[in-house]
Amino acid sequence: MSKFRKLGNQLYSGERSFDFVGKKRLWYAIAAVAVILAVSLPILRGGFNFGIEFRGGSEFRVSNSQDLPQSLAVETVNEIVPGVQVNVAAVGFSDLRVQTEQLQDLESEEVRLALADAFGVDPAEVASSFVGPNWGADVTRQALIGLGVFLLLVSLLMAFYFRSWKMSAAALLALAHDLVLTAGVYAGVGFEVTPAAVIGFLTILAYSLYDTVVVFDKVRENTLEIELSDTRTFGEMVNLAVNQTLVRSINTSVVAVLPVGSILFIGSLILGAGTLRDIALALFVGTIVGTYSSIFLAAPIYAHLRSGEKELKEASERVLAGRE
Amino acid sequence: MAENTTARSARRRISWITGIAAFFVALITWGTVTAQPGASWTPELALDLQGGTQLILTPSIADGQQASLEQLNQAVSIIRQRIDGSGVGEAQVTIQGNENIVVAIPGSPDANTLQLIKASALLEFRPVINFAQSIPLGEDAEPVDLEALSDEPTTEPVNASDAAWVTERLLAEFDSFDCSTQFRTPGQVDDPSKPLVTCDDFLRFKYILGPVEVRGENISDAFSGTITTQTGASTNTWAVNLEFDAEGTSAFGSVTSRLFGLPSPQNQFAITLDGLVITAPSTNAVITNGQAQITGSFTQESATVLADQLKYGALPIGFEVQSQENISATLGDESLRSGLIAGLIGLIFVMIYMAFQYRGLASVVLGSLVIAALLVYLFIAFLSWRQGYRLSLAGVAGLIVAIGITADSFIVYFERIRDELRDGRSLEIAVEAGWKRAFRTILVSDAVSFTAAVVLYLLTSSSVRGFAFTLGLTTLIDLMIVTLFTHPVVQLLARNKFFASGHRFSGFDLSAAKASYRGRGEFRVGAEVTSGKVRKASKEAQKRQTIAERKARQALEDGDE
């Protein structure tokens, strides 16, 4: 019999138990440090690295650009538009992405032809595009509205299902922690913030709450009759529920992270910068942090929030008195 | 007999899901065999996977007005018509988030096409001088050298309807005009003070039109409705009503007073949109109050279309290009291939892990995931056919993420069964009890996911939408699969000797349960609640009960009294 399954049995019966709820101050402290790091890291690095969709600018893609050096692109652009900042990145197997600030129509056509000439490709293989500076902001504004509405709806849904606003509050706190941490890691790695990354963040939202709800449903089940229990306090019962779903939490996060990890790996290795890689990084971090926070934050916070309730307090005093 | 009903109901549920899959297979087969437009086994791909150019346009209207949804719809059909007319090929034009218009075209457009898309539509009123049915000229028609002919009117035209506008060159142009050829250059702007040779928008008739007399922005309103008789009774005849502003009223008044009484076709005036005649009614009265009614053989639909076109012309919308994104076809290919490879590798890892964790049950997971993937594919192919859905890279990412969420339903379910086994229940009972608890958890957690998908889909735009769509779709399919496939299959397996005996490779390893520590019976509380033996619930329990549980308890208490 596998050790893991044996662990599952022991966790279920309470023979073995990790103290998630009791050591809440430790987890709070870790979360606080992590959040401070996640906030200060981007500041130290000089803020988020916003993609062209947020800054606005012109972009050229040179297809089949072979193995010519990237500096060639910078020189070519600067010959036509002197002094302009040029960012060059490899995309896919053989494409080169050249980004500049937004150029005039005529300039950008000139740059396009010059790039084709410099890289020895047909002008048709150099695509030019531009993004207005409002585009990314529009997407983000809509995403933020969506986020607000979603949080409101889900808080109501959870408060209604669990009949306790305290579960909603605990879940939202854990969620905020997840988002800040993921954003911090994202900025720390230095990936560009693109609309794809925004999608990734929105998914973490869904996943983090999803995971918390699964854990909370077990908590709800276990604490149905808590006042009648002579053996466990409310906090201990919550802790047992978390332990009982621990195997599921681990299994689920592994299963969720495997596909995301393979996108991240393949995305960064083969494709370079792009939608897949950006989504995958946000999700990879978010999934792990989301699972962690359901266990180490959401559940302790919930137990903490309810520990002051009169009936529960009396019940746990009775239990503790009975043990002496 | 109880076992038999369980098995029968399990088999029935499995046949349901098979039926649903078969239905869509049959539907799409029918679609492809009878060559329905758009029906295909492979879903249409969005631009980022297929390559092409995507333009995001924001309407810009003079004096800062906001374009209404009607006007956006009208703008979409006009842009589509312009692109089709320019021969760029299949374009996809959609409204996004109530304010933007997204144009996706294959390849990269030239400057002309861009200009064409950006320009605001021009609605004009010109008197008809002559018209004729357009007949294809055929291959051997001799090209006429128009430049050699005189373009000078023989006499000075006295008004816009004057036949003197028809010069030798114009007449030759009209005679050799073929509506089935590409007779207008994209983005062509006509001189409003000159006559014009053009066709109607169905390309059936060709016209010689006089100079512009009334312009679209002088229309203050246009709407369709049924004609009322003088006594006020409504008839079944549809008409389009037009109202002009002050300038339009006087201009239209002078047109109608001149045209009324002229012989046909010179009593007609043509309304052109982007140079094409959308209607050419004849004048039945002199209209000086600025309120005209166009009658004819309208249906409700055609009257509405015309009214919308006129209304759009009343407020010409130009477009500002917000972003122009170009994706090469090779990059699209690479993205799709890598996305699929990543998904496949992810799936293989998931299977290995599941086999390690759940042994025999992993085959149920594999089966469920395969069926889920099949259903997702069928739905996407179906939606791509019927609703014009395009699978984007963000959508593919949504699908890959969905593997995790879908597999989680199975994990939650299997863990609950194991919990029940640990409480010492037999497999068949554990499966039923575990399912009841797991289903609630799956339902509420999927509700969270689905809410996220719906909210994101409704409130956001562009790539976020493609992602939200696949997330929502897969959440629904997850629920379908777990109720109609995974659970019934496990029910049937529970009756199988290999699984029921708790073989160590079955995943229901009973030795694990027997070995488990079952000390002070601390779980009796929870177990008793679900078995309904505790009659007097504590306050805490009452507070956390769901509606169904409350009802059940109420029924139990009522029975006692």
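# A tour of chains A and B

Start with the largest nonpolar core, which has 169 residues. A:Leu205, A:Val238, A:Ala299, B:Val103 and B:Ala397 have the most contacts inside it. A nonpolar core here is a set of buried Ala, Val, Leu, Ile, Met, Phe, Trp, Tyr and Cys residues joined through C-beta atoms within 7 Å. Buried means that 20 or more other C-beta atoms lie within 10 Å of a residue's own; 12 or fewer makes it exposed, anything in between partly exposed, and C-beta atoms are placed from the backbone. Now colour helix H11 of chain A: H11(A) gives the largest share of this core, 19 residues.

This is a predicted model: local features need pLDDT of at least 70, side-chain atom pairs count only at pLDDT 80 or more, and totals for chains, interfaces and linings use all residues. Residues are numbered from 1 along each chain as its sequence is written, while chains are lettered from A and ligands numbered from 1 in the order in which they are written.

**Stop 1: B:Ala397**

Select B:Ala397. Leave aside its neighbours within four places in sequence, and it is in contact with A:Ile263, A:Thr275, A:Leu276, A:Ile279 and B:Phe467. Contact means that the C-beta atoms of two residues, placed from the backbone, lie within 7 Å. Apart from the largest core lies another, of 40 residues. Pick out B:Leu170, B:Val240, B:Ala270 and B:Leu306, which are among them.

**Stop 2: chain A and its helix pair**

Show chain A alone. Chain A has 12 helices and four strands. Both kinds of element are DSSP runs, numbered from the N terminus: helices are H or I with at least four residues, strands are E with at least two. Of the 324 residues in chain A, 55% are buried. Take its contacts with a separation of 6 or more: 77% are between residues 24 or more positions apart.

Next, select H7(A), residues 165-189, and H11(A), residues 275-306. Two packed helices are described by the angle between their axes and the distance between the axes. Here the axes come within 7 Å and cross at roughly 150°. The axes are lines fitted to C-alpha atoms, for helices over the stretch in contact, with angles from 0 to 180 degrees between N-to-C directions. The crossing is right-handed: the near helix is turned clockwise from the far one by less than a right angle, where anticlockwise would be left-handed.

What residues make up the contact of H7(A) with H11(A)? They divide into 19 nonpolar, six polar and three charged. Ala, Val, Leu, Ile, Met, Phe, Trp, Tyr, Cys and Pro count as nonpolar; Asp, Glu, Lys and Arg as charged; the others, Gly among them, as polar.

**Stop 3: A:Arg163 and A:Phe234**

Go to A:Arg163, in the loop between helix H6 (133-162) and H7 of chain A. Its phi is near 55°, a positive value in a residue other than glycine. A:Arg163 is partly exposed because it has 14 other C-beta atoms within 10 Å.

Move to A:Phe234, in helix H9 (residues 234-244) of chain A. Is A:Phe234 buried or exposed? It has 25 other C-beta atoms within 10 Å, so it is buried. Beyond four places in sequence, its contacts include A:Thr223, A:Ile226, A:Ala303 and A:Leu312. The C-alpha atoms of A:Phe234 and A:Thr223 are separated by 7.1 Å, with the two 11 residues apart along the chain.

**Stop 4: chain B and an open sheet**

Switch to chain B. It comes to 17 helices and 13 strands. Of its 561 residues, 43% count as buried.

Select strands E8, E9 and E12 of chain B. They form an open sheet in the order E8-E9-E12, with antiparallel pairing. Strands pair if DSSP finds at least two bridges between them. E8 (219-228) and E12 (291-298) stand at the edges with a single partner strand each, so one side of each has no neighbour in the sheet. Neighbouring strands are turned by 25° against each other on average, direction ignored.

Zoom in on E8(B) and E9(B), residues 234-244: they pair over eight bridges. Label B:Phe223, which stands opposite B:Asn241 in E9(B).

**Stop 5: two loops of chain B**

Select B:Asp178, in the loop between helix H5 (168-175) and strand E5 (196-199). With 16 other C-beta atoms within 10 Å, B:Asp178 is partly exposed. Neighbours within four places aside, it is in contact with B:Ser134, B:Pro136 and B:Leu137.

Finish at B:Leu203. Its C-alpha atom is separated from that of B:Asp178 by 8.8 Å. B:Leu203 lies in the loop between E5 and strand E6 (205-209). Its phi is positive, about 60°, although it is not a glycine.
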